[in-house]
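Visitor: Hello! I am in my first year and would like a close look at a single part of this protein model. Could you walk me through it slowly?

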Amino acid sequence: MTIDQLKSAYEAAYQKSATDIFFSPGRVNLIGEHTDYNGGFVFPCALSFGTYLLISPNSEQKINFRSLNIDAVYSLELTQLTTPLPNKAWANYPMGVIAQFIKRGVSITQGYDILFWGNVPAGAGLSSSAAMEVVTAFAFNELLGTGYDRTELAKIGQAAEHEFAGVMCGIMDQFASAQGQKDHAIYLNCDTLEFDLVPVKLEGIKVVVSNTHSPHHLDSGAYNDRVRQCQLAVQQISAVRPIKNLAELSQADFNQVEHTITDEVAHRRARHVVGEVQRTKDAVEALQQGNIEKFGELMTQSHISLRDDYEVTGLQLDSLAEAAWKVDGVLGSRMTGGGFGGCTVSLVRDEAIPTFIEQVGAEYIKKTGLKADFYIAEIGDGAHRIVE
Ligand code: ADP
Ligand code: MG
């Protein structure tokens, strides 16, 4: 949809024009998976796809939420914004963000009419939820003049996801959506929130995102189990070596203390996290040295660890990644996002892309009965106002 079409859709919904339009992107994580809530490194980039928010004030004491992606319409009194809605209502994401402003002492005295539209597929692991949270946080920060920086906006989005969607996610998705920069990936230390924007210059190579079309179900289930298993490992290790996060341990440290993790599952989860943090550091260094082959190999190792130790892949993601590894001209391929469905990310040489799509697509249908979708990721900017 073009901006003009979005404006017309807003006029059709609310019988007036939008006064402001904002955008915030989805993200694809190149490497560093399930490390964020363990205080480790991640390396995501913002996509050119994301969520648009059109808004204008109204004269009611209500915020009206509509989306062009989902039919359900919500109309909430200003006094109702701090209580989550039941039944996984989509409006919980923007409401959760507004509730965070209120929690920080900001008063909302004015009603608004809001319309969303997103072109990130929802539930595909490209973080349509973070895009929606961050675009809402960015918009209210601008409209209310609250002056939060982008890192604070990411924290607001993360808190909304915890408190209103019940997903105990790390900071990566919201951070990438808030801080992304065109043609750069974000090398983020999730413990300190220090980050570097690293140019992603891939001569003759593209970042290809492959969608399993099997939505992940990132609710309070399997994802939150992983968070708890990592906390258990931290607790057990802390008996001999006090740590706050698994990511504090180097591989050598881990080898010394791993015997303290008596829970077999927690042990494997911890082994993934420690290995993944090292792979992420190595991958960023390789990219900076122009060694894309090494970057690709580390991506593939990341998938194997997520499959065997972290157990967040499943038939669909494994089928896509394993089919990709067989194609000449693929430097690496791995699941991206929380897992259990969603997307893979692959580095593919330009000349191999048609074969990649054909072979991976065919093998995927054979193994799963599902049709995959492929697109070439364009790395875009983080949250911004759309200036007409
Ligand atoms: P992901 O973040 O990987 O896309 P999630 O399950 O975390 O998947 O978030 C998807 C949910 O976010 C949707 O089910 C819906 O509730 C909400 N959502 C995202 N984008 C939109 C949108 N444009 N309109 C309405 N709801 C949306
Ligand atoms: Mg999400």
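Visitor: Leaving aside its neighbours within four places in sequence, which residues is phenylalanine 164 in contact with?

Guide: Happy to help! Please keep in mind that this is a predicted model. Once the neighbours within four places in sequence are set aside, phenylalanine 164 is in contact with Leu81, Thr82, Thr83, Pro84, Asn92, Met95, Gly96, Ala99 and Ala159. As for its own place, phenylalanine 164 sits in helix α4. Its relative accessible area is 10%, and because anything under 20% counts as buried, phenylalanine 164 is buried. For a sense of distance, take arginine 241, which lies 77 residues away from phenylalanine 164 along the chain. The C-alpha atoms of these two residues are separated by 35 Å.

Now let us look at the helix around this residue, starting with a partner that phenylalanine 164 itself helps to meet. Helix α2 covers residues 92–103, and it packs against α4 at an angle of about 115°, with the two axes 8 Å apart. The crossing of α2 past α4 is right-handed. On the α2 side, the residues that meet α4 are Asn92, Tyr93, Met95, Gly96, Val97, Ala99, Gln100, Phe101 and Lys103. On the α4 side you will find Leu153, Ile156, Gly157, Ala159, Ala160, Glu161, Glu163, Phe164 and Ala165. Sorted by character, the residues of this contact of α2 with α4 are 11 nonpolar, four polar and three charged.

Next comes helix α3, residues 128–144, beside α4, residues 150–165. Their axes come within 9 Å and cross at roughly 125°. An angle over 115 degrees that is not over 145 falls outside the parallel, antiparallel and perpendicular ranges, so α3 and α4 are oblique to each other. Here too the crossing has a hand: α3 passes α4 in a right-handed way. From α3, the contact is made by Ser129, Ala130, Glu133, Ala137, Phe138 and Asn141. From α4 come Arg150, Leu153, Ile156, Gly157, Ala160 and Glu161. This contact of α3 with α4 divides into six nonpolar, three polar and three charged residues.

A further partner is helix α5, residues 172–179. The angle between α4 and α5 is about 145°, and their axes are 8 Å apart. The crossing of α4 and α5 is right-handed. Arg150, Thr151, Ala154, Gly157, Gln158 and Glu161 of α4 make the contact, together with Gln174, Phe175, Ala178 and Gln179 of α5. In this contact of α4 with α5, three residues are nonpolar, five are polar and two are charged.

If you compare the lists, you can pick out residues of α4 that come up again. Gly157 of α4 appears in the contact with α2, in the contact with α3 and in the contact with α5. Glu161 of α4 likewise takes part with α2, with α3 and with α5. Phenylalanine 164, where we began, belongs to the α4 side of the contact with α2. So that you can follow this in the picture, begin at phenylalanine 164 in helix α4, and then look for Asn92, Met95, Gly96 and Ala99, which are among the residues it touches. Those four are also among the α2 residues that meet α4.

Notes. Residues are numbered from 1 along each chain as its sequence is written. Chains are lettered from A and ligands numbered from 1 in the order in which they are written. This is a predicted model: local features need pLDDT of at least 70, side-chain atom pairs count only at pLDDT 80 or more; totals for chains, interfaces and linings use all residues. Side-chain values use heavy atoms; hydrogens and water are left out. Axes are lines fitted to C-alpha atoms, for helices over the stretch in contact, and angles run from 0 to 180 degrees between N-to-C directions. Helices (H or I, at least four residues) and strands (E, at least two) are DSSP runs, numbered from the N terminus. Angles under 35 degrees count as roughly parallel, over 145 as roughly antiparallel, 65 to 115 as roughly perpendicular and the rest as oblique. A crossing is left-handed if the near helix is turned anticlockwise from the far one by less than a right angle, and right-handed if clockwise. Contact means heavy atoms within 4.5 Å. Ala, Val, Leu, Ile, Met, Phe, Trp, Tyr, Cys and Pro count as nonpolar, Asp, Glu, Lys and Arg as charged, and the others, Gly among them, as polar. Buried means under 20% relative accessible area, exposed over 50%, partly exposed in between (1.4 Å probe, protein chains only).
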